[in-house]
Amino acid sequence: MIPIVSLSASELETWLAERGQPAYRRKQIWTWLARGATDFNAMVDLPASLRAALVADFSATSLRPVATSVADRGLTTKTLFELDGGHSIEAVVMRYADRSTLCISSQAGCPIGCPFCATGKFPFGRNLKAHEIVEQALDAERVLAGEGRRLSHVVFMGMGEPMANYGAVVESVRRMADPELLGISPRRIVVSTSGLIPRIAQLGEEKIPVTLAISLHGARDELRDVLVPINRKYPVRDLVGAAQAYAQKTGRRVSYEWVLLAGVNDTPRDAHELGALLRGKLAHVNLIPFNPVEDTPYHAPDRASIKAFKELVEGQGLNVTVRDTRGREADAACGQLHERVMRSRMAVS
Ligand code: SAH
Ligand code: SF4
C-alpha cells in the first residue's frame, strides 16, 4: 500500500485526473490529512467512488504506533512507531500554555555515536523518507486536534542526525510548512545538528528560514572530539563560523545546545571557553541537564552546579536559558523509550 503523503501535490493530482477527478480534490484530501484523518471513508465531502479508490490504492500513513508513554500528567506523550521494513522511531508531543511542540525523528538510529546519547548506542538503522517525517507531524496533529489544540512547533531533536538525511529533511520541512498541509512556519521549526558544516551552508541557500540549533556540548576540540565525534571532521571553530554565516544569511539567531555532564563540561574553564567562542555573536545558549542513560559514564550536575554554570556563562555576556527537562520521569528525552523497547526485545530474543 502506498502512503498517500509520499505523493507530491502534482503526483496526487495526476492520480485524480486519471480517475476523472478535478485537481481541487487534492486540496480537500490534504485538508483532511492535515486534521489528522486516518480513514479515507471519513472524508465525507469526497464522492463515494473516490473514497473507495483511495482506500484501494493508499494508506493514510505508513507509521504503526507500537508503544506510548505519558509524563507530566499528560502534558508530554511519546510514541514509538514501527516503520515499513521493521525499524522503529519515536516522536514526542509537548503541550504548553501557548504552544504545542513535536520532537520529531529524522533517522532510525544515528550514525554519529555521541557517547552520552541513547540513540547513538544502537546500530544505525536507516534514513527516514520525507513522508515518514511528515507523518509524525500529521499523527501529532491528529492527537492534538482531539484536545482542541494545534501543532505549532516542530523540533528535529528526536532520533537521528537531520543533516545526515538532508534531502528528506528539507523536503519534509517544505511539506510541513505548506499552507495547504500543516502550514507550520519554518521559523517555528528547529533543525538540530551535531555539525555537518557543508549541509549547514546548503541549508542557508534553501530559502526556508528554519531555526538552526547546534549541539555544541564542548567549546574546545579535544573535549568535543569525544562528546560529538563528528567534531574530528568538522572542528568547533569552523562549525561556529558556518552557523554564524547561516545566522547572517537568514537573520535567525542560532541556538547552541549544551548537555550538562557533571565534571566533564560544567566547569568554570568550560564556561569561559564557551564565552570566548560565542561572545558578540547572534547566538542563544540552551543548557540541557543530562538525562541519564544507562551504561554511560556520565551524570547530571546538581541544581547548584547548573545555576553556577549558567551564571558564569551569563557573566560572559551570552543569552542563556536552562531547558525544561520535561518528560524525564517517563524517559521522554532523545532516544530513551526506544532504548527501553530495544532492551526488552533483546531480553526476550
Ligand atoms: N542529532 C541531532 C538532533 C537529535 S539529538 C543533534 O545531536 O543535534 C537532540 C538533542 O538532544 C541534542 O542536542 C543532543 O545532544 C541532546 N541529547 C542527546 N542525548 C541526551 C541526553 N541523554 N540528555 C540530554 N540531552 C541529550
Ligand atoms: Fe546522533 Fe544527536 Fe544522539 Fe549525537 S546526540 S548520537 S548526533 S542523535
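This note goes through the two ligand sites and the main sheet of a predicted model.

1. Ligand 1, surroundings. There are 21 residues around ligand 1, and those that come nearest are Gly-160, Ser-192, Ser-215, His-217 and Asn-291. By type, the shell divides into 10 nonpolar, 9 polar and 2 charged residues. Strand 10 (189–193) and strand 12 (254–260) each contribute at least two residues to this shell.

2. Ligand 1, polar atoms. Ser-215, already listed among the nearest residues, has a side-chain N or O atom 2.5 Å from an oxygen atom of ligand 1. The backbone takes part as well: a polar backbone atom of Thr-193 is 3.4 Å from an oxygen atom of ligand 1, and a backbone N or O atom of Phe-116 is 3.4 Å from a nitrogen atom of the ligand. On its own, ligand 1 has 530 Å² of accessible area, and the protein covers 94% of this.

3. Ligand 2. Which residues are found around ligand 2? They are Cys-110, Ile-112, Gly-113, Cys-114, Cys-117, Gly-120, Gly-160 and Ser-194. This shell holds 4 nonpolar and 4 polar residues, with no charged ones. Gly-160 appears here and also among the residues nearest to ligand 1.

4. The sheet. An open sheet is formed by 10 strands, in the order 3-4-5-6-9-10-11-12-13-14, with mixed pairing. Why do strand 3 (64–71) and strand 14 (320–322) each have one side without a neighbour in the sheet? Both stand at the edges and have a single partner strand each, so one side of each is left free of a neighbour. On average, neighbouring strands of the sheet are turned by 20 degrees against each other, direction ignored.

5. The hairpin at strand 3. Strand 3 pairs with strand 4 (residues 76–82) in the antiparallel sense, over 7 bridges. Within this pairing, Ala-67 has Leu-80 as its bridge partner in strand 4, while Pro-65 stands opposite Phe-81. The two strands form a hairpin with 4 residues between them. In the turn, Asp-72 has a positive phi of about 50 degrees.

6. A helix across the sheet. Helix 8 (residues 236–250) lies across strand 11 (211–215), strand 12 and strand 13 (283–289). The helix runs at about 145 degrees to strand 12. Strand 12 is one of the strands that supply residues to the shell around ligand 1.

Definitions and conventions
Residues numbered from 1 in each chain as written. Chains lettered and ligands numbered in written order. Predicted model: local features only at pLDDT ≥ 70, side-chain atom pairs only at ≥ 80, totals over all residues. Heavy atoms only, no water. Near = heavy atom within 4 Å. Polar contact = N/O pair within 3.5 Å; in protein donor to acceptor, adjacent residues only side chain to side chain. Areas by Shrake-Rupley, 256 points an atom, 1.4 Å probe, with all protein chains shown as cover. Nonpolar A, V, L, I, M, F, W, Y, C, P; charged D, E, K, R; others polar. Pairing = 2+ DSSP bridges. Axes fitted to C-alpha atoms, helices over the stretch in contact; angles between N-to-C directions. Contact = heavy atoms within 4.5 Å.
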